[in-house]
Amino acid sequence: MESVVLTDVSGMDWTAQMFGGRSKRLFEGADGSHLDYVDFSGNAAWDRNDPGKGPHYHTYHEWAYCLSGHFVIYEFVHPRQIEGELVHFREGTFMSRPAYSLHAGQGYPRSAFRQGPCVLLNYEEGPSEVLLAGPDNVPDDVVDWPDNFIRQTATTLEWEADPELGSASMKWLREDPIGGFRAKLRHVPPGWVAPAEIRATYHERAHRFAYVIAGDMSLQVGDGGTAVGPDWFIEQPPGAVWAWESGPASETGCMWLEATYAAGTTLSSGRVEDPIAVGN
């Protein structure tokens, strides 16, 4: 079987511009889906004179997680809405935005809020697009403008037992059994040892991404062990084995963000399958 792919994001070069800031491309799928590590600050990311920052939507689902800093975004329920709702993203904010959810990087037309510095993970399920909509531009082919889905994980979401990992904790961020998408924060304590029955697992169809936010974890990759820490990205494609170290798998404890697709790397259909233990 294959193994997971580990990437030290801090060692990557900046490769592109996104939201007016700089970015690193962590993943790119054959279907145009892509995950980016984005660093932006101040008004560089939100030029009021840029029409692309006005009310717009996408034809695909996207998700994001704020790693540090903060920024604001405006949410709308219909293109004819003028002011929109000001939503403040802070460190730990998780977003799952459905297709056709209407939003803007600036208020319309009176925004004066200054953006703060921010680092975030941003995943789009298709090639980047900005489809504008507003009071004078209401698309006839859009029948629904669904609300955005936001979790303030650091302030209002409680930790609970993680039944899959044993003596670990999780925060359940999103579960979409129709589209086939799941997102969690997971945490293991210092000295944590993976239960033998789940020490090495894989998925037949599911595609999993993980990003280490704090602490350390040790995985068996190839013939040896590999320890990863903050700002490491882990990709587990179908058939790849996620194998914890046989002894303590974390010295200091570890918290990571995990996003899993039931099949492919976009919303498709069906529930996310349970991990399969190697040898079963």
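**Exercise 1. Cysteines**

Determine how many disulfides the predicted model contains, and explain the result from the cysteine sulfur positions.

*Solution.* The count comes to zero disulfides.

Step 1. A disulfide is a covalent bond between the sulfur atoms of two cysteines. The criterion applied here is a pair of cysteine sulfur atoms within 2.5 Å.

Step 2. Consider C66. Its closest cysteine sulfur belongs to C118 and lies 3.7 Å away, which is too far for a bond.

Step 3. Consider C254. The closest cysteine sulfur is that of C66, at 19 Å, again too far for a bond.

Step 4. Examine the exposure of these residues, given that buried means under 20% relative accessible area. C66 has 1% relative accessibility and therefore counts as buried. C254 is likewise buried, with a relative accessible area of 1%.

**Exercise 2. The largest cavity**

Establish how many cavities of 30 Å³ or more the structure holds, and describe the lining of the largest cavity by element and by residue class.

*Solution.*

Step 1. Rolling a probe the size of a water molecule over the atoms shows where empty space is left. The structure holds two cavities of 30 Å³ or more, and the largest has a volume of about 80 Å³.

Step 2. List the lining. The residues around the largest cavity are E164, R182, K184, R186, H203, R208, E258, T260, V272, E273 and P275.

Step 3. Assign them to elements. At least two lining residues come from each of β16 (181-188) and β23 (254-261). The greatest contribution is that of β16, with three residues.

Step 4. Sort the lining by class. Seven of its residues are charged, two are polar and two are nonpolar.

**Exercise 3. The second largest cavity**

Characterise the second largest cavity by its volume and by its lining.

*Solution.*

Step 1. The second largest cavity holds about 40 Å³ of space.

Step 2. Its lining consists of L35, W63, L121, F209, A210, Y211, F233, L257, E258 and A259. Two or more of these residues are supplied by each of β18 (207-215) and β23.

Step 3. By class, nine residues of this lining are nonpolar, none is polar and one is charged.

**Exercise 4. Two successive hairpins**

Trace the pairing of β14, β15 and β16, and identify the glycines with positive phi in the two hairpins.

*Solution.*

Step 1. Strand β14 (residues 160-162) pairs with strand β15 (residues 168-176) in the antiparallel sense over three bridges. Within this pair, D162 stands opposite A168 in β15.

Step 2. The hairpin of β14 and β15 has five residues between the strands, and G166 takes a positive phi near 70° there.

Step 3. The pairing of β15 with β16 is also antiparallel and extends over seven bridges. M170 has R186 in β16 as its bridge partner; R186 also lines the largest cavity.

Step 4. In the hairpin of β15 and β16, four residues lie between the strands, and G180 adopts a positive phi near 85°.

**Exercise 5. A four-stranded sheet**

Deduce why β1 and β24 each have one side without a neighbour in their sheet.

*Solution.*

Step 1. Strands of a sheet pair through backbone hydrogen bonds, either parallel or antiparallel. In this open sheet of four strands, the order is β1-β22-β17-β24 and the pairing is mixed.

Step 2. β1 (2-3) and β24 (276-277) are at the edges with a single partner strand each, so one side of each is left without a neighbour in the sheet.

Step 3. Strand β17 (residues 200-202) and strand β22 (residues 240-243) pair in the antiparallel sense over two bridges. In this pairing, T201 stands opposite W242 in β22.

Technical notes. Residues are numbered from 1 along each chain as its sequence is written. This is a predicted model: local features need pLDDT of at least 70, side-chain atom pairs count only at pLDDT 80 or more; totals for chains, interfaces and linings use all residues. Side-chain values use heavy atoms; hydrogens and water are left out. Two strands pair if DSSP finds at least two bridges between them. On a 1 Å grid over the protein atoms alone, a cavity is a set of points where a 1.4 Å probe fits but cannot get out, and a pocket is an open set with protein on both sides within 12 Å along at least five of seven lines; lining residues have an atom within 4 Å of a point. Grid points are joined across faces, edges and corners, and a volume is the space filled by probe spheres set on the points. Ala, Val, Leu, Ile, Met, Phe, Trp, Tyr, Cys and Pro count as nonpolar, Asp, Glu, Lys and Arg as charged, and the others, Gly among them, as polar. Buried means under 20% relative accessible area, exposed over 50%, partly exposed in between (1.4 Å probe, protein chains only).
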